[in-house]
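Colleague: I'm new to this one. Could you show it to me, and let me ask how you know what you say about it?

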Amino acid sequence: VLDETIAQTPSYSTPGMSDEVNRDLPVESNDMRKEAEKEEGDAENREETSPELIADLAELLEPTTRLDVRRQALQIVLGLSFPLDGSAERVFCRKEFLLGKAICRLLTATASDRLGCLTGICNFASMSKEVVNYVLHNQPEVIKIAYNEAFAGTECSEYAARLIANCTRIFPGETHLRLLAVDPKCVEKLIDRMTITSGHGPSNTLGYSLVNLATVSRVRKELTKRREEEGGKSMLHKLYPALLQSEDGEKRRIAADVCRNCTFDDALHADLLDDSDDFLVALLSVIADANDTLDQEETDKLPARLQYFEGHRSNDDVLRKKVVDSLYQCCATRHGRERLRDRGVYVLAREFDRAMAAEREGGGCGPSAPKALKDFTSERSDPEAVEANLHNLIGVLIRYESEMCVDPELASIRELE
């Protein structure tokens with residue numbers, strides 16, 4: 001059975017304007033929510049913010065309020081925006097979004113309060129569909145400011161990028177439409193920022209928005225569309241170098257997630273797995289190794305750029321799983337299965353399986369030995385999950401198409417009941 005879980009990123013929430021982003025707060029993890037709540041006190045005993053205080057704060061956030069008073073009120077609002085127990089959403093939405101309207105109005109009215117306002121709105125939006133829905137449908141100027149600030153290279157850029165990431169995580173399709181209204185080339189701009197290696201701006205945070213947007217069918221089609229002005233290459237081609245490099249592990253995971261999301265669209269398999277083998281080489285470079293034991297016949301079946309591969313497979317199990325999942329998703333269509341068999345993917349999967357067994361039994365050896373890795377998102381290393389899907393992949397590739405017991409006219413095995 002093919003895994004139907006499309007990759008999305010964790011939410012962003014931060015207790016203050018100078019704190020580092022907390023990437024360990026995924027919606028799915030109640031335990032991690034409780035962990036984040038420890039310093040905030042017992043969520044069950046937290047007093048609800050009174051309607052009177054909300055009204056007072058909203059009034060003090062007026063752009064005409066004296067600056068020092070306004071800033072103090074904004075700091076109080078930031079404190080109210082951080083809890084993850086649902087109280088932040090209630091503060092934002094109470095009294096017909098009174099405080100929500102106030103902080104959005106202040107953001108659009110004064111540049112001097114932009115950092116604090118973006119931080120607060122980002123926090124309010126980190127776990128709340130209602131907050132994100134309100135911002136998307138009632139505050140288009142907030143999205144415009146956040147998008148422009150994310151690329152501006154200012155002190156606001158990181159928090160603006162986090163807000164966009166939160167919106168794309170909760171409502172990717174709707175956020176994409178709002179971004180298109182700001183910049184028709186928003187997807188390409190996100191790709192370009194992801195691929196730069198220097199300069200200002202939160203490129204990896206913007207990359208998470210790209211992962212989220214790649215869950216939308218029209219975005220996947222845009223990513224994989226061949227363009228004559230680019231020599232027949234697609235936008236996705238710009239991400240392949242991020243997969244081929246090993247210096248920036250976070251960027252490599254992001255690129256793998258975007259590629260993985262594209263493989264869920266069966267109609268794109270012919271474009272992804274074309275005669276250039278660009279997509280396949282980028283993925284296989286993660287699990288291939290110069291020390292793999294292949295005979296000449298097996299080597300000759302590989303894509304030309306992998307026949308004398310001098311690199312080493314990644315030791316990042318999270319990244320490995322993304323790549324194995326991507327290859328397995330390609331097996332949904334007959335074109336994908338036949339292309340993977342024809343390009344010798346089975347032998348690389350076999351060697352990877354052997355290497356993982358050696359790592360498990362001997363604790364790792366050589367250049368592919370597991371090492372401590374920075375935990376870029378909430379994802380956790382799970383070698384058993386990698387191995388399970390790897391065996392599923394091998395189980396498909398080791399068989400001829402005639403042995404699959406699949407109707408040749410069936411477009412995708414996802415359609416099997």
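Colleague: What area does the chain expose, and how much of it do carbon and sulfur atoms supply?

Modeller: About 18800 Å² is exposed, and carbon and sulfur atoms supply 48% of that. Areas come from the Shrake-Rupley method with a 1.4 Å probe. Bear in mind that this is a predicted model, where local features need pLDDT of at least 70, side-chain atom pairs count only at pLDDT 80 or more, and totals for chains, interfaces and linings use all residues. Residues are numbered from 1 along each chain as its sequence is written, and side-chain values use heavy atoms, leaving out hydrogens and water.

Colleague: What makes Cys 104 buried?

Modeller: Buried means under 20% relative accessible area, exposed over 50%, partly exposed in between (1.4 Å probe, protein chains only). Cys 104 has 0%, so it counts as buried. Across the chain, 54% of the 417 residues count as buried.

Colleague: How many disulfides are there?

Modeller: Zero. A disulfide is a pair of cysteine sulfur atoms within 2.5 Å. For Cys 104, the nearest cysteine sulfur, that of Cys 117, is 8.4 Å away, and Cys 104 is in no disulfide.

Colleague: Why is there no bond from Cys 262 to Cys 259?

Modeller: Because the sulfur of Cys 262 is 6.5 Å from that of Cys 259, its closest cysteine sulfur, which is too far for a bond. Cys 262 is also buried, at 0% relative accessibility.

Colleague: Which residues of helix 19 are buried?

Modeller: In helix 19 (residues 334-342), they are Gly 336, Arg 337, Arg 339, Leu 340 and Arg 341.

Key: Helix = DSSP H or I, 4+ residues; strand = E, 2+ residues; numbered from the N terminus.
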